[in-house]
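Trainee: I'd like to go through this one residue by residue and then zoom out. Where shall we begin?

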Amino acid sequence: ASSTAAVVSFGHLSRAQPALCAASASAALLANLASVLLLVAVVAAVSPSLVQAIAWPIACACAGLLLVAAHGLLRGDVDGLPAGPEPRAFRISHALLITLVIAGVMLASEALHRAFGDAGAMTAAIVAALAELHAAAATVAQLAENGSLDPAQAAWGMVGLLAAMSIAKGVIAFVSGGPAYGRQVTLGLVLMTAAAAAGTWLSTR
């Protein structure tokens, strides 16, 4: 995923230029913000009715990411950050790969659902979120759309996906950028997940 590539890329930049650590971590968190917003689009395509149930949790998650990212940008040197990646033409191979991943996750989830019920399908989605958030989100949205999960369960499922993604990207941040970069990225991801959980609790109680 592009947000994972951003975490790695800015991690390498942070190692090469420690003065850019805070700004690099903020840039990585903003890339993850874009990924979370794309999650909403994926969910809307699969289960439009679920978007309303996750609107407040996702808004809280985005606010958490923005808070930590803004703090890093305000106290960091942003002048040395790259302007952005070179523009690239749309690649059909990338779109096909994402489609295949989503289809594979949904098939595995359905198989586990038949074998172990809703718990099996949700487990498959959360494990998938360690590598591909949007495929996992499509699976949870499909479970909600076919009635296997009610809106509250699906909303908590999305929190589980964000938590799994945070674990994976936190590890990647520490490995690619070192302790200081890893701590700042992980802080933003943890706050994102905690805010989403709080938003879910408030909207489903």
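## From single residues to the whole chain

Trainee: What relative accessible area does Leu37 have?
Mentor: This is a predicted model, in which local features need pLDDT of at least 70 and side-chain atom pairs count only at pLDDT 80 or more, while totals for chains, interfaces and linings use all residues. Residues are numbered from 1 along each chain as its sequence is written, and side-chain values use heavy atoms, with hydrogens and water left out. On the scale used here, buried is under 20% relative accessible area, exposed is over 50% and partly exposed is in between (1.4 Å probe, protein chains only). Leu37 falls in the partly exposed class because its relative accessible area is 48%.

Trainee: Where is Leu37 placed?
Mentor: Elements here are DSSP runs numbered from the N terminus, with helices being H or I of at least four residues and strands being E of at least two. Along the chain Leu37 is 21 residues from Ile58, and their C-alpha atoms are separated by 8.2 Å. As for its own place, Leu37 is in helix H2.

Trainee: Staying in that helix, is Leu39 buried or exposed?
Mentor: Leu39 also has its place in helix H2. Its relative accessibility is 1%, so Leu39 counts as buried.

Trainee: Which residues does Leu39 touch, leaving out those up to four places away in sequence?
Mentor: Contact means heavy atoms within 4.5 Å. One partner is 98 residues away along the chain: the C-alpha atoms of Leu39 and Ala137 are separated by 6.7 Å. The full set for Leu39 is Ile54, Ile58, Leu133, His134, Ala137 and Met158.

Trainee: How do H2 and H3 run relative to each other, roughly parallel or antiparallel?
Mentor: Axes are lines fitted to C-alpha atoms, for helices over the stretch in contact, and angles run from 0 to 180 degrees between N-to-C directions. For H2 (residues 21-46) and H3 (residues 48-75), the axes come within 8 Å and cross at roughly 170 degrees. Angles under 35 degrees count as roughly parallel, over 145 as roughly antiparallel, 65 to 115 as roughly perpendicular and the rest as oblique. Therefore H2 and H3 are roughly antiparallel.

Trainee: How many nonpolar residues does the contact of H2 with H3 have?
Mentor: Ala, Val, Leu, Ile, Met, Phe, Trp, Tyr, Cys and Pro count as nonpolar, Asp, Glu, Lys and Arg as charged, and the others, Gly among them, as polar. In the contact of H2 with H3, three residues are polar and one is charged. The nonpolar count is 23.

Trainee: And which residues does Ser47 contact, leaving aside neighbours within four places?
Mentor: Ser47 sits in the loop between H2 and H3. With a relative accessible area of 1%, Ser47 is buried. Its contacts are Ala141, Ala144 and Glu145.

Trainee: What about Gly188: which residues is it in contact with beyond four places in sequence?
Mentor: Gly188 is in helix H7 and is buried, at 0% relative accessibility. C-alpha to C-alpha, Gly188 is 9.5 Å from Gly170, which is 18 residues apart in sequence. The contacts of Gly188 are Leu29, Leu65 and Val68.

Trainee: Which helix gives the largest share of the largest nonpolar core?
Mentor: A nonpolar core is a set of buried Ala, Val, Leu, Ile, Met, Phe, Trp, Tyr and Cys residues joined through side-chain atoms within 4.5 Å. The largest has 49 residues, with Leu50, Met158, Leu161 and Tyr181 making the most contacts inside it. Elements giving two or more residues include H5 (118-129) and H6 (133-145). The largest share, 14 residues, is from H7.

Trainee: Zooming out, what percentage of the residues in the protein chain is buried?
Mentor: The chain has seven helices and zero strands. Among its contacts between residues at least 6 apart in sequence, 79% join residues at least 24 apart. Of the 205 residues, the buried portion is 46%.
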